[in-house]
Amino acid sequence: MKRFEFDRSSYFGAAGGGLSDAEALNLAETDDLPALMAAAAAIRDRSQPELITYSPKVFIPLTQLCRDVCHYCTFAKVPRDGRPAYMSPDEVLKVARQGARAGCREALFTLGEKPETRYRAAREALDALGFATTIDYLHHVAALVLKETGLLPHLNPGTLQEDEMALLRPVSASMGLMLESTSKRLCARGGPHFGSPDKDPQRRLETLRLAGEAGVPFTTGILIGIGETRRERIESLLAIRESHERYGHIQEVIVQNFLPKPDTRMAAHPPADRDDHLWTIAVARLILGADIHLQAPPNLSPEHGAELIRAGIDDWGGVSPVTADFVNPEAPWPQIETLAALSASEGKTLVPRLAAYPDYVDAPSRWFAPAVATAVLRLRDGQGYARDSEWYPGLDMPVPQVRKGSPATVPDDIAGILSDAEAGASLSEAEIERLFSARDAAFHLVCETADRMRQEANGERVHYVVTRNINYTNVCTYGCRFCAFSKGKTYEDLRGKPYDLDMAEFGRRVAEAWERGATEVCLQGGIHPDYTGETYLTILRTAKAAAPGIHVHAFSPLEVWQGARTLKLSLADYLGALKDEGLASLPGTAAEILDDEVRNQLCPDKITTGEWFAVMEAAHSLGLKSTATIMYGHIERPVHWARHLVRLCEHQRRFGGFTEFVPLPFVAHEAPIFMKGLSRRGPTWREAVLMHAVGRIALHPFIAHVQTSWVKMAPAGTRACLNAGADDMGGTLMNESITRAAGATHGQEFSPQQMNALIREAGRIPGQRTTLYGDVADERIEASFAAPELLEMVNTPLRRRERSFRV
C-alpha cells in the first residue's frame, strides 16, 4: 500500500482546490491511516475548527412495511394481524409532542419504500386513512407535525419521482436518502441489495438530482462493510460530490458502518472493520472537502467516538431523548452530556443544530417553503444553529445553565481577543463578532472577563434610578415591523386602544412621580400625526411645571428628528430649544440595530443609522447626554451586533455623550413581525447574556456603564447579567407599556426595596443614582422607600376621528 502525503497548498489552492477524480480514486491504494486522518481533520478544522453538531430529534417510524428486501435490514417488517400498517395521525402527533416537550427540534420520518405496491395490507390501510399512496399520507402527517408542534420534519421516504419531491418540499425542512453504494454488483443475485428495486444506484442518484432541482437541503451517505470495495466507496463519494457541485444541496454525508443483526440474511457477515471505517471517513472528508458536513452515528461506534472526530467528522447526526433508533434498535443513543464530554475530550464544543445546517438556514427563500421558513426562524439562533433552551425574553421563567465545558475547548483566538481587550486594545468588528460565537467554556470565559472589567470600572456598586416611564401616546404613523405598542391601523388587533394623554393627566403623573421619590421621568411616545416640534416643547413645559426639580429624560432621536423637521429647524437649534424648556438628557432608543441593511427591513420608514447618529452628535455637542441601546434577536445576525457596537464606540470616542449601554432583547410574543412569521423569537439565553458581556468588553473604557433590563430579562436574568459585565439595573419605572404590549410579563414597577434585595442577592452593593450617575439626595431616597400606591391612570382616548396612518 502507498503512503499518503497531504499537500496543503495544492488542496487549498486558489484554483478550486480539493482532489481531482483521479487523485481521489488513487486513494484506494493508500492505507496510511494516520496521515489520512490528520489531513481530513485539517480540512475539517479549516472551516469548523471548534464545533461539532448534533440534531435533537424525535424518530417517527411512519410505516415499517417496505417493498424492498435488503439482506441486512431489521427495520422492514411484513404485515401481521394485529399490527397496524401505519402510525395514525394521533400517534404521530403524540410522539412529536413528546419530542417538542423534551427540547427536540427535528421530527425524523423514516419509512419503508412504497409498501402499497407490494402489500394489500398497506393499500387497505391507506384507503382507510383516506390516502392513495404512502407519499400522500407522509405529506399529510408531516404538515400536521409542522403546524401543531413546530418541529421541523426531515423526511426519509426513499426514492422519489419529481411530482413526489414537489409534494413533500413544502412540508419539510430537509430530506434524506442513503445512496449506500453506486455498485451495481451489490444488486446482483447473492448481493445485499438483490430483490430491492429501489437500491438501484441510478434510481437513487436520480432522487439526489431531483432534490437538487427542487432546492431541498439533502442528507445522503454510504454504508460500508456490506461487500463493496474501497474503490467503489470512492466512486460513490464522487457521485455525491458531483451532484453537490451542480446544485449545492448536499448538506451532510453519513459514513455508516455495517453491523450484522440477528434474523437477517447477513447475520453471519462480519461487521465493518474499525480501521476501515476510519479510513472511509477520512477519505470522504478529503473528497468532499469542508463544504459538506460529515457524520458518523455515535451509537454505532460507542467505543471509538474520539477516533471518529480525529478522522474528520463534524456532526453526530440525530440523537433522540425520546425515541429509539428504529433502524438500529440494538444501539441505544448516547446521553447528550456524555456526547458533550466526548467531544470536549477532542477539543470540540457540542452544539445542537436544526434539520438544516446554518448555510441553508441563512438562505430561507432559496431552501424552504414559506411555512417551513417561519418554523425555522422560530427555532434558530443568531448563527443559524438550534435554540438551545426554551427561555424567551420578557417571560418570568427559570434561566438555563450554559454548559461549563472544558477549558481545552476555548479557541485560541477568543482567548487572545479577551487578553488583548483586558490589556486595553480596541476590538475590530471581526473580533467582536467572534466573541458572540462563544459557547460553553468560551462563553464563561467571556463573561468572566467582562465581570473583571466591570469591577475595574465600577467596583461592586450596582446603581438604579427611581423614575417613571410616561408614554404620552401610542398612536404612530410609522410602520416599524417589530412594534406591538403603536396603534396605527396596521396594529388594531394588538394591545390596548389608541390614546393621546391630555396635559392635565400627563402633569398629574409627573407630579405623582416626584411625590413617590422619583428623580427622573422618562418620556417617549409614538409619532402622532398631529404632533409637531411645538408639541414636545409643550410636554417639557408641563413636566417642569408639575415637578420643577425633576430630571426630564425625554424623546427618542426619531422624535427629535420629527420635531425639528416640522418646525423647519436644524437639529442643533431644535435641541437647543428643547434644552431651554427643561430637556436634560435623551434616551438612546430608536436605535434598534444601527446598520441600514437591517433597518431597511425592520423599520424602513424610520430614521437611518446616519440620521440617528446625527441627532446624537447634535445633542452631545450641546452637552445633552444620552443612553445607547440595541434591540436584538429578530432578523439580524451577530455581524450586525458587532457593527452596532463599533459605531457606538467610534461615536463615543469623538463626543463622549453616552452614559450607559442598554441591551434590549427583542420580546417577540405579540410583535407584528413575529406574528407574521418573519422573525426569530428573540435572542437565546446565551446570546442575551453575551450581549451584556461583549458590550462591556467592546465599549470599555469609553462607556462606563452597562445596564440590564429587569423588564426584558426578568429578575433572575438580571442577576446573571450582573455577573457578566452589567453594573446597572435601570429604572424602577412605575409604569411601562412598550415591552408589555409585546407580551412581556414584567414592566409595571420594581420598587427600591425589590431593587436592593435583588442586588444584594447577587452579592453586590445597591445604590440609587441620578440619570447622569450623580448622588441622590437623602430626601429623595426616603421618599422613594415610603412611596404611596399609584393612583389609577387614565389614558385619554383618541379624540379625533381615525386618520389614515402612513405604514
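This passage describes the overall dimensions, the sheets, the helix contacts and two backbone features of a predicted model.

The protein chain contains 31 helices and 19 strands. Its C-alpha atoms fill a box of roughly 95 × 60 × 45 Å along the principal axes. The radius of gyration of the protein chain is 30 Å. For 807 residues, a compact globule would be expected to have a value near 28 Å, so the two agree.

Two of the sheets are described here. Strands of a sheet pair through backbone hydrogen bonds, in either a parallel or an antiparallel manner. One open sheet is built from 7 strands. Their order is β11-β12-β13-β14-β15-β16-β17, and the pairing is parallel. At the edges stand β11 (467-471) and β17 (705-706), each of which pairs on one side only. Within this sheet, strand β14 covers residues 583-586 and strand β15 covers residues 625-632. The two run parallel and are joined by 2 bridges. S585 has K625 of β15 as its bridge partner.

Another open sheet has 3 strands. The order is β18-β10-β19, again with parallel pairing. The edge positions belong to β18 (728-731) and β19 (765-768). Each has a single partner strand, so one side of each lacks a neighbour in the sheet. Neighbouring strands here are turned against each other by 20° on average, with direction ignored. Strand β10 spans residues 461-465 and runs parallel to β18. The link between β10 and β18 consists of 2 bridges. H463 has its bridge partner in β18, namely D728. A helix also packs on this sheet: α28, residues 710-722. Helix α28 touches both β10 and β18. Its direction makes about 160° with that of β18.

Several helix pairs were examined for their packing. The pair α3 and α10 comes from residues 33-47 and residues 274-288. The axes come within 8 Å and cross at roughly 40°. That angle lies outside the range for roughly parallel helices, which ends at 35 degrees, so the pair counts as oblique. The crossing of α3 and α10 is left-handed. From α3, the contact draws on L33, L36, M37, A39, A40, I43 and R44. From α10, the contributors are D275, L278, W279, A282, V283, R285 and L286. By class, this contact of α3 with α10 comprises 11 nonpolar and 3 charged residues, with no polar ones.

Helix α20 takes part in two of the contacts described. One is with helix α19, residues 503-515. The axes of α19 and α20 come within 8 Å and cross at roughly 45°. The two helices are therefore oblique to each other. Their crossing is right-handed. On the α19 side, the contact is made by M503, F506, G507, V510 and A511. On the α20 side, T538, I539, T542, A543 and A546 take part. The contact of α19 with α20 holds 7 nonpolar and 3 polar residues, and no charged ones.

The other contact joins α20, residues 533-546, to helix α21, residues 557-567. Here the axes come within 7 Å and cross at roughly 120°. The range for roughly perpendicular helices ends at 115 degrees and roughly antiparallel begins over 145, so α20 and α21 are oblique. G533, E534 and Y536 of α20 meet E559, G563, T566 and L567 of α21. The residues in the contact of α20 with α21 divide into 2 nonpolar, 3 polar and 2 charged.

Two backbone features lie in loops. The peptide bond from H700 to P701 is cis, with omega near 0°. P701 sits in the loop between α27 (685-699) and β17. This loop leads to an edge strand of the 7-stranded sheet, since β17 pairs on one side only. E180 is not a glycine, yet its phi is positive, at about 70°. E180 lies in the loop between β4 (174-176) and α8 (201-214).

Technical notes: Residues are numbered from 1 along each chain as its sequence is written. This is a predicted model: local features need pLDDT of at least 70, side-chain atom pairs count only at pLDDT 80 or more; totals for chains, interfaces and linings use all residues. Side-chain values use heavy atoms; hydrogens and water are left out. Two strands pair if DSSP finds at least two bridges between them. Helices (H or I, at least four residues) and strands (E, at least two) are DSSP runs, numbered from the N terminus. Axes are lines fitted to C-alpha atoms, for helices over the stretch in contact, and angles run from 0 to 180 degrees between N-to-C directions. Contact means heavy atoms within 4.5 Å. Angles under 35 degrees count as roughly parallel, over 145 as roughly antiparallel, 65 to 115 as roughly perpendicular and the rest as oblique. A crossing is left-handed if the near helix is turned anticlockwise from the far one by less than a right angle, and right-handed if clockwise. Ala, Val, Leu, Ile, Met, Phe, Trp, Tyr, Cys and Pro count as nonpolar, Asp, Glu, Lys and Arg as charged, and the others, Gly among them, as polar. The radius of gyration is taken over C-alpha atoms; the globule rule is 2.2 Å times the number of residues to the power 0.38.
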